[in-house]
Amino acid sequence: MAAMVQISDVKKVYGDGFEALKGVSLDIEDGEILALLGPNGAGKTTLISTICGITQQSAGTILVGGHDNVRDYRRARELVGLVPQEINLEPFERVMNTVKFSRGLFGKPRNDAFIEKILRQLSLWDKRDNRIMELSGGMKRRVLIAKALSHEPRVLFLDEPTAGVDVELRRDMWEIVAGLKRDGVTIILTTHYIEEAEAIADRVGVINKGEILLVEAKEDLMTRLGQKELRIELQEPVATLPEVLQDRGLRIDEDGRVLIYTYDTGQDRTGIASLIREVTEAGLVLRDLQTTQNSLEDIFVGLVNNQEDAA
Ligand SMILES: Nc1ncnc2c1ncn2[C@@H]1O[C@H](COP(=O)(O)OP(=O)(O)OP(=O)(O)O)[C@@H](O)[C@H]1O
């Protein structure tokens with residue numbers, strides 16, 4: 001089946017000549033949760049605003065559910081809901097009316113049962129008659145989600161849903177997102193928080209300076225995350241590995257002063273004990289041992305820095 005959202009070589013140049021997206025291509029599958037990670041100014045908001053039709057791409061195509069976001073604007077727009085970064089609610093309006101009004105804007109017929117369902121799902125039912133100004137910041141964020149869901153979109157974009165919220169509310173948000181996925185909604189969220197991507201995403205995309213640097217299943221990233229490196233520092237440098245260590249997958253580093261062994265922390269047997277024994281039996285004298293863990297954060301920082309170096 002074709003992807004739910006197909007983004008092909010999308011560029012965005014703002015009026016002042018700034019190129020915020022430099023040819024982004026990305027497929028978002030039906031029913032997945034994709035987290036888009038990137039530093040400030042990476043182009044995350046620009047990308048989702050373009051998909052949602054708030055701003056128009058300068059080049060490239062975007063299909064939502066097979067509908068072109070420019071030529072078939074209405075059909076494409078109907079399929080998406082957007083939860084913006086900023087809280088943009090009318091303070092004197094009541095919760096129920098806010099959500100109903102949003103549905104009306106899409107020309108959808110009244111459906112009280114559906115509005116009740118989403119208000120209950122977001123724990124807002126008891127607050128339905130409250131004015132927005134009477135709600136806590138966390139509840140206002142829930143109202144933003146209810147508004148975005150009011151016209152029954154298939155794809156929901158959340159722009160930094162947990163920026164500046166406390167730990168408890170962040171966990172609530174993650175549960176809400178998981179619940180929406182169970183209902184079959186495709187979810188794309190932007191975030192600065194690597195732990196957020198780790199907690200809820202099926203796939204993780206990294207964007208920086210208007211370019212997608214990586215899109216990968218979280219499981220695969222976690223496998224990399226589970227990798228550790230053992231650095232064996234030697235008293236005397238070696239030019240080649242002794243025979244007995246040839247099949248161990250060791251890497252010689254720092255002009256032969258260091259041997260590097262990569263292993264998976266998830267495995268029952270890491271092979272470290274026998275490796276050290278073999279190194280000693282081969283006549284090599286150890287000077288020091290160190291282990292380092294590869295985290296998603298390292299991968300992320302490494303990618304972004306590589307791009308800086310290449311520029
Ligand atoms: N209307 C605009 N006119 C000119 N430049 C803009 C406009 N909107 C955004 N930009 C620039 O485009 C770049 C990408 O901005 P964008 O808001 O998409 O980044 P972001 O990844 O969402 O960042 P953040 O994490 O800070 O929200 C930034 O350099 C920003 O200054």
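## Close-up views of a predicted two-domain model

**Figure 1. The hairpin of S9 and S10 in this predicted model.** Let us start at the turn: the hairpin of S9 and S10 has two residues between its strands, and Lys209 takes a positive phi near 50° there. Strand S9 covers residues 203-208, and strand S10 covers residues 211-217. The two strands run antiparallel and are joined by six bridges. To find your bearings in the ladder, look for Gly205, which stands opposite Val215 in S10.

**Figure 2. Strand S9 and its parallel neighbour S3.** S9 also pairs with strand S3, residues 33-37, through four bridges. Here the two strands run parallel, in contrast to the antiparallel pairing of S9 with S10. A handy landmark is Leu34, which stands opposite Arg203 in S9.

**Figure 3. The two faces of S9.** In a regular strand, side chains alternate between the two faces of the sheet. Along S9, Arg203, Gly205 and Ile207 point one way, while Val204, Val206 and Asn208 point the other way. Are these residues buried or exposed? On both faces they are buried. With six of its six residues buried, S9 is therefore largely enclosed by the rest of the structure.

**Figure 4. The residues around the ligand.** Which residues should you look for in this view? Tyr14, Asp16, Phe18 and Ala20 are among those around the ligand. Gly38 belongs to this shell too, as do Asn40, Gly41, Ala42, Gly43, Lys44, Thr45 and Thr46. Helix H1, residues 44-51, provides the largest share of the shell, with three residues. By character, the shell divides into six polar, four nonpolar and two charged residues.

**Figure 5. Stepping back to the two domains.** The chain is divided into domain 1, residues 5-223, and domain 2, residues 227-293. Their C-alpha centres lie 47 Å apart. Along its principal axes, the C-alpha trace spans about 80 × 45 × 35 Å. The radius of gyration of the chain is 25 Å, whereas a compact globule of 311 residues would have one near 19 Å.

**Figure 6. Helices, strands and contacts across the whole chain.** The protein chain has ten helices and 14 strands. Buried residues make up 30% of its 311 residues. Of the contacts with a separation of 6 or more, 70% are between residues 24 or more positions apart.

How values were computed
Residues are numbered from 1 along each chain as its sequence is written. A residue is near a molecule or strand if its C-beta atom, placed from the backbone, lies within 6 Å of it. Ala, Val, Leu, Ile, Met, Phe, Trp, Tyr, Cys and Pro count as nonpolar, Asp, Glu, Lys and Arg as charged, and the others, Gly among them, as polar. The radius of gyration is taken over C-alpha atoms; the globule rule is 2.2 Å times the number of residues to the power 0.38. A residue is buried if 20 or more other C-beta atoms lie within 10 Å of its own, exposed if 12 or fewer, and partly exposed in between; C-beta atoms are placed from the backbone. Two residues are in contact if their C-beta atoms, placed from the backbone, lie within 7 Å. Domain bounds come from an automatic or database domain assignment. Two strands pair if DSSP finds at least two bridges between them.
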